[in-house]
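Please read the points below alongside the chain, as notes from one colleague to another. They begin with a single strand and work outwards from there.

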Amino acid sequence: MIFKFLILSDEVDDFAREISIDSEATFLELNDAILESVNYTKDQMTSFFICEDDWEKKTEITLMEMDTNFEDDSWVMAETRLSELLEDEKQRLIFVFDNMTERSFFMELREIVPGKNLDKAICSKSKGNPPAQLMDFDELDKISNNTDSGLGENFYGDESFDPSELDEEGYNDLDMTEGNNSFNDY
């Protein structure tokens, strides 16, 4: 099976990526495909969170083994296949690419294509420029000093992302590259 993920950012309105990947690939392969699609380096700690429909974080998949409570399952990207934890279209995930500031991408498993396989993950659609991989400390200080309640809701990566932005109707006219392809046109 092939999984097609829609990836959005709450920092950049016109940014979107679609990653197509085999369902038997690991979360590490998905991690690398995302980083490559946005030209980020692979030297930062990243993690995935499988979420409820309201973006509540449930299961974390980490880049490296972490010391966790023995009662909790520990999921490591290199050892966990996508098919182990994902099985339904519309499944939501958060991909944290800047752990220090908890900046992230919002993801949805948009389509499952049965009966097909991919040898390697590909960025099948691309629109806009991604946010900077790391936030400059001067910018962090500026944001901290300009808000009454610390970082508050203006801070990058806040979890007040509007889930309706992932609804199909909101992206019907998303112009993807020169061919005017939207994420829904195949």
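1. In this predicted model, the side chains of β1 fall into two sets, with I2, K4, L6 and L8 pointing one way and F3, F5, I7 and S9 pointing the other way. In a regular strand, side chains alternate between the two faces of the sheet. Residues of both sets in β1 are buried, and the count for the strand agrees, since 8 of its 8 residues are buried.

2. Which strands pair with β1? One is β2, which runs antiparallel to β1 and is joined to it over 7 bridges, with F3 standing opposite I21 of β2. These two strands form a hairpin, and 6 residues lie between them. Another is β7, also paired with β1 in the antiparallel sense, here over 8 bridges, and in β7 the bridge partner of L8 is F106.

3. The largest nonpolar core has 29 residues, and within it F5 and F48 touch the most other members. At least two residues of this core come from each of β1 (2-9), β2 (16-22), α1 (27-37), β3 (47-51), β6 (92-98) and β7 (103-113), while α1 gives the most, with 5 residues.

4. When residues up to four places away in sequence are left out, F5 touches R17, E18, I19, I21, L30, L82, L86, L93, M107, E108, L109 and R110. Apart from the largest core lies another core, of 6 residues, which includes C51, W55, I94 and F106; F106 is thus worth viewing twice, as it is also the bridge partner of L8.

Methods. Residues numbered from 1 in each chain as written. Predicted model: local features only at pLDDT ≥ 70, side-chain atom pairs only at ≥ 80, totals over all residues. Heavy atoms only, no water. Core = buried A, V, L, I, M, F, W, Y, C linked by side-chain atoms within 4.5 Å. Buried < 20%, exposed > 50% of the residue type's maximum accessible area, 1.4 Å probe, protein only. Helix = DSSP H or I, 4+ residues; strand = E, 2+ residues; numbered from the N terminus. Contact = heavy atoms within 4.5 Å. Pairing = 2+ DSSP bridges.
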